[in-house]
Amino acid sequence: MDMAMMRLRREDPRVVGSFRLHRRIGAGGMGVVYLGSDKRGQRVALKVIRPELAEDPEFRSRFAREVSAASRIRGGCTARLVAADLEAERPWFATQYVPGPSLYDKVGEEGPLPAADVASIGAALAEGLLSVHEAGVVHRDLKPSNILLSPKGPRIIDFGIAWATGASTLTHVGTAVGSPGFLAPEQVRGAPVTPATDIFALGATLAYAATADSPFGQGSSEVMLYRVVHEEPDLSQVPDSLAPLVHACLAKEPEDRPSTAQLHERLSEIHAREARGLDSVRGQVRPPRPAQGGDART
């Protein structure tokens with residue numbers, strides 16, 4: 001989702017629940033997201049469901065279960081659920097507003113990230129997914145645009161509530177998801193999702209962060225989905241320190257991927273090694289220190 005702010009349109013509400021709306025953040029397959037604030041000035045990202053979905057009783061039921069699950073998630077790597085009204089004419093929910101660019105935008109503007117940064121972001125995201133999975137939730141739509149780089153670290157947004165309509169993966173590729181290069185093979189096949197589904201998506205996301213491209217290249221939705229299921233990812237541009245672990249995350253079979261805990265541990269180790277390497281390089285290029293007793297100024 002593009003986090004660039006837009007003015008409210010004439011048809012947009014000005015108040016939802018106890019929140020005053022200020023700007024549009026973006027729109028997706030499930031609804032419109034607004035920047036809002038409560039009476040104390042706390043900022044929130046508030047999503048209002050599309051009217052046609054709000055009229056679907058099955059959607060409302062599944063939506064309620066998803067919001068309930070999201071409320072159980074604890075941990076600093078997700079945007080905390082603040083409030084929700086599942087009985088409103090158009091259901092809505094509000095999460096903590098996260099300032100900062102998405103990983104998609106940062107890499108798009110600045111290019112591939114250093115291996116140390118990729119590992120650091122990945123370790124934080126894996127730790128966040130641990131909390132998500134412990135709450136019995138699978139994100140289902142992890143991708144660079146759903147990761148915000150806040151001053152306090154990366155935050156995962158847009159949990160897979162858009163999948164609660166029960167529509168097929170192929171339907172969502174053209175609407176709610178739009179990023180088939182980050183879907184796991186089991187999602188493409190219509191098989192049940194598990195925490196391993198998020199591991200595949202995180203592997204593809206880390207490959208993007210390290211190369212500025214999807215590991216399955218570019219192409220139409222159909223081409224990308226075929227590659228995800230039948231072809232190996234292209235990791236030739238991923239740094240050697242990260243490539244084996246990313247490759248393991250992108251295994252076709254869920255049981256062949258590392259667990260969330262294993263991924264967090266490995267990425268933390270890689271970050272520590274890469275950071276030491278950077279410090280060593282910096283140490284070699286430091287300017288000479290002035291002689292003791294001398295005057296450094298000239």
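Here are some notes on this predicted model, point by point.

1. Overall make-up. The chain holds 10 helices and nine strands. Of its 298 residues, 48% are buried. The accessible surface comes to about 15000 Å², and carbon and sulfur atoms account for 50% of that. If you look at contacts between residues at least 6 apart in sequence, 58% of them join residues at least 24 apart.

2. Confidence. The average pLDDT for the chain is 85, and 85% of the residues score at least 70. The high end is helix α9 (residues 243-249), at a mean of 98, while the low end is helix α5 (residues 169-173), at 38.

3. Stretches to handle with care. Two of them deserve a flag. Over residues 162-178 the pLDDT stays under 50, and there the model has 38 contacts beyond four places in sequence. Residues 283-298 also have a pLDDT below 50, but that stretch has one contact in the model beyond near neighbours in sequence. Where pLDDT is low, the coordinates should not be read in detail. I'd keep that in mind for the 38 contacts of residues 162-178.

4. Strand β5 and its neighbours. How many of the seven residues of β5 (residues 43-49) are buried? Six are, so the strand is largely enclosed by the rest of the structure. β5 pairs with strand β4 (residues 31-37) in the antiparallel sense, over seven bridges, and valine 33 stands opposite lysine 47 there. β5 also pairs with strand β7 (residues 92-96), again antiparallel, over five bridges; in this pairing valine 44 has glutamine 96 as its bridge partner.

5. The turn between β4 and β5. These two strands make a hairpin, with five residues between them. Have a look at glycine 41 in the turn: its phi is positive, at about 90°.

6. Phenylalanine contacts. There are five aromatic pairs by centre distance. In one of them, the ring centres of phenylalanine 63 and phenylalanine 93 are 5.9 Å apart and the planes sit at 50°, so the pair counts as tilted. Phenylalanine 63 belongs to helix α2 (residues 57-71) and phenylalanine 93 to strand β7, so the pair ties together parts that are 30 residues apart in sequence. Both residues are buried. Phe59 joins Phe63 and Phe93 in one aromatic cluster.

7. A tyrosine pair. The rings of tyrosine 104 and tyrosine 208 have centres 5.8 Å apart and planes at 10°, so this pair is stacked. Tyrosine 104 is in helix α3 (residues 103-110) and tyrosine 208 in helix α7 (residues 195-211), so the link spans 104 residues in sequence. Buried or exposed: which applies to tyrosine 208? Tyrosine 208 is buried, with a relative accessible area of 8%. Tyrosine 104, at 47% relative accessibility, is partly exposed, because the cut-off for exposed is over 50%.

8. The two sides of α8. In helix α8 (residues 221-230), the buried residues include Met224, Leu225, Val228 and Val229. Why do these four end up on the same side of α8? They cover an arc of only 130° around the axis, which puts them there together. Glu222 and His230, on the other side of α8, are exposed.

Conventions
Residues numbered from 1 in each chain as written. Predicted model: local features only at pLDDT ≥ 70, side-chain atom pairs only at ≥ 80, totals over all residues. Heavy atoms only, no water. Buried < 20%, exposed > 50% of the residue type's maximum accessible area, 1.4 Å probe, protein only. Arc of directions from axis to C-beta. pLDDT = per-residue confidence, 0-100. Contact = heavy atoms within 4.5 Å. Pairing = 2+ DSSP bridges. Phe/Tyr/Trp six-rings, centres within 6.5 Å; stacked < 30°, edge-to-face > 60°. Areas by Shrake-Rupley, 256 points an atom, 1.4 Å probe, with all protein chains shown as cover.
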